[in-house]
Amino acid sequence: MTEKTLILEIVTPERVLMREEVATVVVPAAFGYLGVLPGHAPLVTGLTPGVVRFRSGDGTHRLAIGGGFMEIAGNKVVLLADTAERAEDIDVARAQRAYERACQRLKRRGQDVDELRAEAALKRAVARLKAARQ
Ligand code: ATP
């Protein structure tokens with residue numbers, strides 16, 4: 001690792017999705033998208049469902065995450081995410097179905113629908129569609 005890079009680690013309850021040297025990373029923090037460069041001050045913050053972008057030696061990459069937490073410490077960025085998928089691994093048709101299902105549920109608000117769950121599913125689906133299509 002050089003002074004111009006940082007280690008990006010993305011962990012879900014299922015697996016360590018990646019641990020790579022990157023030049024920059026942009027994450028969907030609870031208070032808005034946050035760009036992280038080498039030498040960033042230590043930080044712990046929440047993450048919302050959204051798109052993570054990072055730049056490494058072989059170009060710019062995208063992932064979808066379903067929310068979680070981020071810790072920045074000593075030139076290492078750790079994302080503890082509920083779910084995470086690289087853009088190229090996203091099943092777009094599945095995400096589209098999840099999106100439509102969640103929209104249908106939200107239209108039936110109050111009729112025995114778990115709104116928070118439907119809203120969370122909608123946000124995950126939107127993040128996946130954005131990451132896959134951008
Ligand atoms: P679905 O209703 O399609 O299962 P979901 O949002 O409820 O969507 P999650 O509970 O967030 O799914 O994820 C379950 C697992 O499936 C995780 O491992 C997640 O990475 C994976 N996953 C979910 N949707 C997709 C997708 N569209 N493409 C690739 N992997 C997916």
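The questions below concern the ligand and the largest pocket of this predicted model.

Local features here need pLDDT of at least 70 and side-chain atom pairs count only at pLDDT 80 or more, while totals for chains, interfaces and linings use all residues. Residues are numbered from 1 along each chain as its sequence is written, and side-chain values use heavy atoms, with hydrogens and water left out.

Q: What makes the contact between Glu14 and the ligand a polar contact?
A: A polar contact is a pair of N or O atoms within 3.5 Å. A polar side-chain atom of Glu14 lies 2.8 Å from an oxygen atom of the ligand, so the pair meets that limit.

Q: Why does the pair formed by Arg101 and the ligand count as a polar contact?
A: An N or O atom in the side chain of Arg101 is 2.6 Å from an oxygen atom of the ligand, and this pair is therefore a polar contact.

Q: What makes the backbone of Asp91 a partner in a polar contact with the ligand?
A: A backbone N or O atom of Asp91 lies 2.8 Å from a nitrogen atom of the ligand, so this pair also qualifies.

Q: Why are eight residues of the shell around the ligand called charged?
A: Asp, Glu, Lys and Arg count as charged. The shell includes Glu14, Asp89 and Arg94, which are therefore in that class; the full division is two nonpolar, one polar and eight charged.

Q: Which element gives the most residues to the shell around the ligand?
A: The helix α1 does, with three residues; helices are DSSP runs of H or I with at least four residues.

How values were computed
A residue is near a molecule or strand if one of its heavy atoms lies within 4 Å of it. A polar contact is a pair of N or O atoms within 3.5 Å; within protein, one must be able to donate a hydrogen and the other to accept it, and residues adjacent in sequence count only if both atoms are side-chain atoms. Helices (H or I, at least four residues) and strands (E, at least two) are DSSP runs, numbered from the N terminus.
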